[in-house]
Amino acid sequence: MPSLLRGRLLPLLAVVPLVLALAPAFAAPPPGGPDTLFPRLGDRSYDAVHYDVRLRYDPTTNRLRARTRLDASAPTRLTSFRLDLVGMRVTSVRVGGSRARWRRSGQHLVVTPRRPVQGRFSVAVAYRGVPRTYRDPDGSREGWVRTPDGAVALGEPVGTMTWIPSDNTPGDKATYRYRVTVPRGTTAVANGDLQGRRNHGRSTTWTWRARDPMATYLATVAIGRFTAHHSQVTSVTGRRIPVWTFADRKRDVPRSIRRALPRVLRFEERLFGPYPFTSTGLLVDDADVGYALETQTRPFFPYSVDEVTLVHEMAHQWYGDSVTVGDWHDLWLAEGFATYAEWLWEARKGGTTPAQQFDSLYARPASARLWSPAPTEFTDSRDLFGDPVYLRGAMTLQALRERIGDADFFAVLKAWARTYRHGTATTADLVAVAEEVSGQQLDQLFADWLELDGRPTGY
Ligand code: TRP
Ligand code: ZN
């Protein structure tokens, strides 16, 4: 839904051409071009607007029967278009209600409708099978991950195409509705607001709705025997936000962590601005993946939750989920900010300060992994979750803070979250916001920290 964003960009338009002229290094990837890290994923010829996802899942066999309808919009006439899907057996594809021709080709489901589409159109795919667990080049697992009593779907960076035929690129956000049918006694959790739960025979259908735009990598569904906790948190704006927390029955979430959630949310609201979504909560399940994930509105944690990771995943709701990278090379805009949020949390009661975190990292030897490749310069997807993106990314923010001072720095954090709320953005956009707020020229600082191989000197 990129069109949503246009109006919000207007206040900045005056400075953007100037900034781009000064900092050609941060020229965004050509609009309409593919993602620079995963060029084969996503189809820029249309915009995904809404996914209606219907699943029927059997935890004993791990089999899924599914039907997903994507409502999309094509600015030009398309005789065929692509969805991303791996595994699963497709049984039918319809466009606007009529059967369409389709073929599978690697990660693509290529659809050729009877008549070309233009403007709004919808495509419904019926598919079934045992969804795949996807193994990334760094060995980590994502996609459809089985648990002892069900499964959880994790999508960063590409795993959502194991269970939703989708425009699987972060630059194309859409809203979602899920209707998940599971055996009675089993819970199905997803992003957004719980709309209802209906029993029929031996099954229960859970309906969830994510009404704010969401990148495919943040979509989740978790199925299992869960303990649920429902409460509310009052936003700094006075709004009441429902909290839905689910944990595997054998784990549960300690009361101390459940109490920490509203404190963390309000701490971050004071720093970043109002919480961007309509609901919140945690998802704790027995998936041995080795990472937590900022699944939108309801972050996922494997087995248990610690406070600092909670701070990190909640910070992503502003930086990563609401303001999403348009291209995977800009992931530091999510991970650097979420790491910086951890530093702010640790400092809040006289703990280690961000300046101290910066200094101790800066002291790492020139040969340390931290310094190479620079945060936006990696070419291997293995480096997506490396020290340069997380730690040097957070150091970039500390370097910015020292240059422009606390007042402007915290104004930048808020302006960034507000300007690109529910949209996508690039590093060049951040440079523009920081320059506008501070009135300083900052392209060299960002280039030193994000693009230069090796430890930046003079900081
Ligand atoms: N984005 C997650 C976080 O920082 C981390 C993550 C997701 C990850 N997938 C991963 C880390 C794969 C290592 C490998 O909260
Ligand atoms: Zn993160």
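Me: Which class does D252 fall into: buried, partly exposed or exposed?
Reply: The classes rest on relative accessible area with a 1.4 Å probe and protein chains only: under 20% is buried, over 50% is exposed, and in between is partly exposed. D252 has a relative accessible area of 27%, so this residue is partly exposed. The model is predicted: local features need pLDDT of at least 70 and side-chain atom pairs count only at pLDDT 80 or more, while totals for chains, interfaces and linings use all residues. Residues are numbered from 1 along each chain as its sequence is written, chains are lettered from A and ligands numbered from 1 in the order in which they are written, and side-chain values use heavy atoms, leaving out hydrogens and water.

Me: Where does D252 lie, and what is its phi?
Reply: Helices (H or I, at least four residues) and strands (E, at least two) are DSSP runs, numbered from the N terminus. D252 sits in the loop between β18 (240-248) and α3 (255-272). Most residues other than glycine have a negative phi, and most peptide bonds are trans. The phi of D252 is near 60°, a positive value in a residue other than glycine. M88 also has a positive phi, near 65°. M88 belongs to the loop between β3 (81-84) and β4 (89-95), and its relative accessible area of 11% makes it buried.

Me: Where are the peptide bonds cis?
Reply: One cis bond joins E156 and P157, with omega about 0°; P157 is in the loop between β11 (150-154) and β12 (174-183). Another joins S372 and P373, with omega about -5°, and P373 is in the loop between α6 (354-362) and α7 (387-404).

Me: Which residues come nearest to ligand 1?
Reply: A residue is near a molecule or strand if one of its heavy atoms lies within 4 Å of it. There are 13 residues around ligand 1, and E156, E294, E313, E335 and Y390 come nearest. E156 is thus a residue of the ligand shell and a partner in a cis peptide bond. By type, the shell divides into 5 nonpolar, 3 polar and 5 charged residues. Here Ala, Val, Leu, Ile, Met, Phe, Trp, Tyr, Cys and Pro are nonpolar, Asp, Glu, Lys and Arg are charged, and the others, Gly among them, are polar. Helix α4 (residues 307-318) gives the largest share of the shell, 3 residues.

Me: What are the distances from ligand 1 to the side chains of E156, E313 and E335?
Reply: A polar contact is a pair of N or O atoms within 3.5 Å; within protein, one must be able to donate a hydrogen and the other to accept it, and residues adjacent in sequence count only if both atoms are side-chain atoms. A ligand nitrogen is 2.6 Å from a side-chain N or O atom of E156. For E313 the ligand atom is an oxygen, at 2.6 Å. For E335 a ligand nitrogen is 3.0 Å away. Taken alone, ligand 1 exposes 370 Å², of which the protein buries 89%; these areas use the Shrake-Rupley method with a 1.4 Å probe, and for residues only the protein chains shown count as cover.

Me: Which residues are the protein donors of the zinc ion?
Reply: Donors are N, O and S atoms within 2.8 Å of the metal (3.2 Å for Na, K and Ca); water is not among the atoms, so sites may look incomplete. For the zinc ion (ligand 2) the protein donors are H312 (NE2), H316 (NE2) and E335 (OE), at 1.9 to 2.0 Å. Their spacing in sequence is H-x3-H-x18-E. H316 lies in helix α4 and E335 in helix α5 (residues 332-347), so this pair ties together parts 19 residues apart in sequence. Both H316 and E335 are buried.

Me: How does the radius of gyration of the chain compare with that of a compact globule?
Reply: The radius is taken over C-alpha atoms, and the globule rule is 2.2 Å times the number of residues to the power 0.38. For 459 residues the rule gives a value near 23 Å; the chain has 22 Å, which agrees. The C-alpha trace spans about 65 × 55 × 45 Å along its principal axes. The chain has 10 helices and 22 strands, and 59% of its residues count as buried.

Me: How far apart in space are G139 and R382?
Reply: Their C-alpha atoms are separated by 8.8 Å, with their positions 243 residues apart along the chain. G139 is in the loop between β9 (133-135) and β10 (141-147).
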